[in-house]
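Please look over the structure shown here, with attention to its sheets, its nonpolar cores and one buried acidic residue. A short briefing follows the display.

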Amino acid sequence: MRKPRSDSDNPVSHDEPDSLDLSLKENLQRIRAIFAESNDVVTREFKIGAKDHLDAFIVFISGLVNETSVNSSLIYPLMTMERNLDDQSAIVLIRESGLSLTNVKTSHSFEDVVNAILSGDTVLFIDNSKIALIASLKKSEKRSVTEPVTESVVRGPREGFVEDIGTNISLLRRKIKNPALKFSSMNIGKQTQTQVCVAYIKGIAKDEVVEEVKLRLNRIDTDAILESGYIEAYIEDDPFNLFPTVGNTEKPDIVSAKLLEGRVAILVDGTPFVLTVPYLFIEAFQNSEDYYTRPYYATFIRWLRWLAFFLATFAPALYVAITTYHQEFLPPALLISIAATQEGTPFPMMVEALLMQILFEILREAGVRLPKPVGSAVSIVGALVIGDAAISAGLVGAPMVVITALTAISSFLVPSLTDVGALSRFFLIFAAGVSGLYGIVLVFISALTHQVSLRSLGAPYMSPMAPSTLSDLKDVFIRAPLWFLRTRPRVLGGNNQQRQKSNLKPTPPDDQKGTK
């Protein structure tokens, strides 16, 4: 099992083949052999010291390093050193008094040196020394912190994660100023050596959950990790499950809130999407803005999300089942109106519903993949033109177009379950077309049974509804006032369940005391 890299790891023994050589020329030849045919790898030979000249060379990748800093903070100070250098103490003197850099490490291992070069560090080799100095002089070219496009808010922080993992860690540090916030880093991917960081609050997150996350990450043995979605595929409990059991977000305030509840976050270098585990089903209906607004309207909006998810998932299937098998459920006037619109249409109701759902998914995918100005126009104009043309041509009835539009709009209220709703609609429409409401009930019971059996890093996926935890239901269908949310979710928190004092309910001042 591969262990996370850290500065405290024991260096490789000097006698191992991976260790550096005493000969500077031998080390230079090995570096040039490893990076042969790579024009972006720069090696610079020079002499250290103004009096006692000591042979040395540095190596770095030009596109990843700030060459101005290399010249001013590394090469110039070393070439102008006035102190006497000998082979035994040269590395110590250079590290302690020769370089004005904050991040300088030593290494005996050639593998560590190569990984450092590939990560954008500058490595210094000295003659007659088996130790190399690794200096961090990376070029700071990264996207600025902006509002995430996929998670816009009316009220609340507008900053989002970026592709640089160092910036993302600093964003979390700014939110949670607590030494108990821990970050454990490791490199995953034999070819990419992607930095992955596990974040948690010691004393709040369960120790067994933290260890399980690290264990699953250490088991990953693959060539590349290019995005956090790779990690999600390797650590989820049930890989054949339709429902997501690993959360993801681009907002630091959401990750901070989940860390404070006892969850574990996984940051991956190169992507702004941060994973959080354990992930519960109710999190799809919770929004960060719920906790920044008054609880009454937040509760109303949460009810709308539950209703929208029901409509987005069941509305087309219910329409197919009722109009095909259970017409007695409809008022006579409405039934006559629907029958009139369906007169002359060539397809059964189930086929109409499936065709309209496929057409909607095509339009939505086109709107996402095309450039923004064109994509929005394609989605709106395409839906209007094609819907009107389909009705005029007699291919589908007008009520089916209305149902499809209602389904499309409702699916946008719960974006984290969009893929689940889309796939579930097809199963439900087929079941409704075959056996009506009985088929819908059968699929629903099967899906609910499957959901109840799911786990996310050991936590019941449907908690706190199943198994039921009364103290946690105050943040499921309703959003209770913040002063009433005294404890953390029992399924997540460790020994430290208390979130705040129990006497924080605001009260008006005593009138008698105010008149004195």
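The points below take up the two sheets, the cores and the surroundings of D290 in turn. The model is a predicted one, and it contains an open sheet of five strands in the order β1-β2-β4-β5-β3 as well as an open sheet of five strands in the order β6-β7-β9-β10-β8.

**The sheet from β1 to β3**

- The pairing in this sheet is antiparallel, and its edges are formed by β1 (41–48) and β3 (104–107), each of which pairs on one side only.
- Neighbouring strands of this sheet are turned against each other by 25° on average, with direction ignored.
- Eight bridges join β1 to β2 (residues 54–61) in the antiparallel sense, and I48 has L54 of β2 as its bridge partner.
- Helix α1 (residues 24–34) packs on the sheet, where it touches β1, β2 and β4 (122–126), and its direction makes about 15° with that of β2.

**The sheet from β6 to β8**

- Here too the pairing is antiparallel; β6 (181–188) and β8 (247–249) each have a single partner strand, so one side of each is left without a neighbour in the sheet.
- From one strand to the next, the twist averages 25°.
- Strands β7 (residues 194–201) and β9 (residues 264–268) pair in the antiparallel sense over four bridges, and the bridge partner of C197 in β9 is L267.
- Helix α7 (residues 228–235) packs on this sheet through contacts with β6, β7, β9 and β10, its direction making about 135° with that of β9.
- Helix α8 (residues 252–261) also packs on the sheet, touching β6, β7, β8, β9 and β10, and its direction makes about 55° with that of β7.

**Nonpolar cores**

- The largest nonpolar core has 23 residues, and those with the most contacts inside it are I48, L78, I94 and L124.
- At least two residues of this core come from each of β1, β2, α2 (67–79), α3 (90–98), β4 and β5 (132–135).
- Residues up to four places away in sequence being left out, L78 touches F46, I48, G49, I94, G98, L99 and L124.
- A second, separate core of 21 residues includes V196, L217, V264 and I266.

**Surroundings of D290**

- D290 lies in the loop between β10 (274–277) and α9 (295–324).
- D290 counts as buried because its relative accessible area is 3%, which falls under the 20% cut-off.
- The side chain of D290 makes a polar contact with the side chain of R305 at 3.0 Å.
- Apart from neighbours within four places in sequence, D290 is in contact with F285, A298, R302, R305 and R479.

Notes
Residues numbered from 1 in each chain as written. Predicted model: local features only at pLDDT ≥ 70, side-chain atom pairs only at ≥ 80, totals over all residues. Heavy atoms only, no water. Buried < 20%, exposed > 50% of the residue type's maximum accessible area, 1.4 Å probe, protein only. Polar contact = N/O pair within 3.5 Å; in protein donor to acceptor, adjacent residues only side chain to side chain. Contact = heavy atoms within 4.5 Å. Pairing = 2+ DSSP bridges. Axes fitted to C-alpha atoms, helices over the stretch in contact; angles between N-to-C directions. Core = buried A, V, L, I, M, F, W, Y, C linked by side-chain atoms within 4.5 Å.
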